[in-house]
Amino acid sequence: MIRRIVLVAAVLGLAVASFWLPREENVAADSLNELPPAVVFRADRGNATPPFVGRWELTFPEQPPTAQALTLQIGTPIDGTAPGRLTAAAGDPAALLAQIADVLSDRPAGAELPPVSELALRLNLIGDHVSVGHGDVGSMVIAGAFVADPAGDWRVYRVMLGEGGPECFLAISPGQHVAALLPRAIEDGPAIQARFRSLLKPRPATS
């Protein structure tokens, strides 16, 4: 009888523990699902090309088959700002451009820009080891989606596309192999669209 009582108590204890203690895979899935509307890429580390010190291979959509691949390289920060470069591989950018337009803008793209082989970036790190969430009342929310408590593995940048160009947010989670573009100012949306179109539009063949 005592053995049966102990066994029942043990089973109940395990049930309570499994309910209250978070499981790693569920925490990761929940944090990603709580992201606000964003342009989400799969993000894999690569080997940076000097003078850059960090490299990410971004693929869209995040689940295969890949339609468009981008390479982000990040330089050494000076006074809190790091130079960056975004380049694109051959691909079908239609779905990516549509998602950028849907998430980052409420208006069509700005004036057409000539094709470019790269986009120069300026990156300011505004959050490190943060997680997706709204936090407690009064807590600071970074880029409208991230909080410092509880800590996480997200790193959040404010990104400027070109000198004096439009800005958006870029968040990267190395553990989840995910990067996300989020809007900063909706009025920057058309200019952001125009810059991505100039990077991703077909370029004339060289002889």
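Trainee: Where does Ala143 lie?

Mentor: In this predicted model, Ala143 lies in the loop between strand 5 and strand 6, the latter covering residues 146–147.

Trainee: Why is Ala143 called buried?

Mentor: Ala143 has a relative accessibility of 16%, and the word buried applies under 20%, so Ala143 counts as buried.

Trainee: What makes the backbone of Ala143 worth a remark?

Mentor: Ala143 has a positive phi of about 55° although it is not a glycine. Most residues other than glycine have a negative phi.

Trainee: Which residue in the loop between strand 3 and strand 4 can be set beside it, and is that residue buried or exposed?

Mentor: Asp79 is found in that loop, and Asp79, not a glycine, likewise has a positive phi of about 55°. Its relative accessible area is 80%, and exposed means over 50%, so Asp79 is called exposed.

Trainee: How do you know that strand 3 and strand 4 pair?

Mentor: Pairing asks for at least two bridges, and strand 3 (68–74) and strand 4 (residues 81–88) are joined over five bridges in the antiparallel sense, so they count as paired. One of these bridges sets Ile74 against Gly84 in strand 4. The two strands form a hairpin with six residues between them, and Asp79 sits in the turn.

Trainee: What makes strand 4 and strand 5 a pair?

Mentor: Strand 4 and strand 5 have six bridges in the antiparallel sense, against a requirement of at least two, so the term applies here as well. Gly84 has Leu121 as its bridge partner in strand 5, while Gly84 is also the bridge partner of Ile74.

Trainee: How do you know that the buried residues of helix 3 line one face?

Mentor: The buried residues of helix 3 (residues 94–104) are Leu96, Leu97, Ile100, Val103 and Leu104. Seen down the helix axis, they fall within an arc of 140°, so they line one face of helix 3.

Trainee: Which elements do those buried residues pack against?

Mentor: They pack against strand 1 (39–45), strand 2 (54–60), strand 3, strand 9 (178–183) and helix 4 (189–200). The protein chain as a whole has four helices and nine strands, and 36% of its 207 residues are buried.

Trainee: Why is the contact between Arg55 and Glu57 called a salt bridge?

Mentor: The term asks for a side-chain nitrogen of Lys or Arg within 4 Å of a carboxyl oxygen of Asp or Glu, and the N to O distance for Arg55 and Glu57 is 2.6 Å, so the pair qualifies. Arg55, at 21% relative accessible area, and Glu57, at 24%, are each called partly exposed because their values fall between the 20% and 50% cut-offs.

Trainee: What makes the pair of Glu112 and Lys201 one that ties together separate parts of the chain?

Mentor: Their side chains meet in a salt bridge at 3.1 Å, N to O. Glu112 lies in the loop between helix 3 and strand 5 (119–132) and Lys201 in the segment after helix 4, so the pair ties together parts that are 89 residues apart in sequence. Glu112 is exposed at 55% relative accessible area, whereas Lys201 is partly exposed at 23%.

Trainee: How do you know that Glu167 and Arg184 form a salt bridge?

Mentor: The closest N and O atoms of Glu167 and Arg184 are 2.7 Å apart, and the limit is 4 Å, so the pair is counted as a salt bridge. This pair links distant parts of the chain, with Glu167 in strand 8 (residues 167–173) and Arg184 in the loop between strand 9 and helix 4, 17 residues apart. Glu167 is buried at 13% relative accessibility, while Arg184 is partly exposed at 45%. Arg158, Glu167 and Arg184 are linked in a network of salt bridges, and the structure holds seven salt bridges.

Trainee: What is the omega of the peptide bond from Phe60 to Pro61, which is called cis?

Mentor: Omega is near -5° for that bond, and Pro61 lies in the loop between strand 2 and strand 3. A cis peptide bond also joins Pro64 and Pro65, with omega about 5°, and Pro65 has its place in the loop between strand 2 and strand 3. Most peptide bonds are trans.

Notes: Residues are numbered from 1 along each chain as its sequence is written. This is a predicted model: local features need pLDDT of at least 70, side-chain atom pairs count only at pLDDT 80 or more; totals for chains, interfaces and linings use all residues. Side-chain values use heavy atoms; hydrogens and water are left out. Buried means under 20% relative accessible area, exposed over 50%, partly exposed in between (1.4 Å probe, protein chains only). The arc is that of the directions from the helix axis to the C-beta atoms. Contact means heavy atoms within 4.5 Å.
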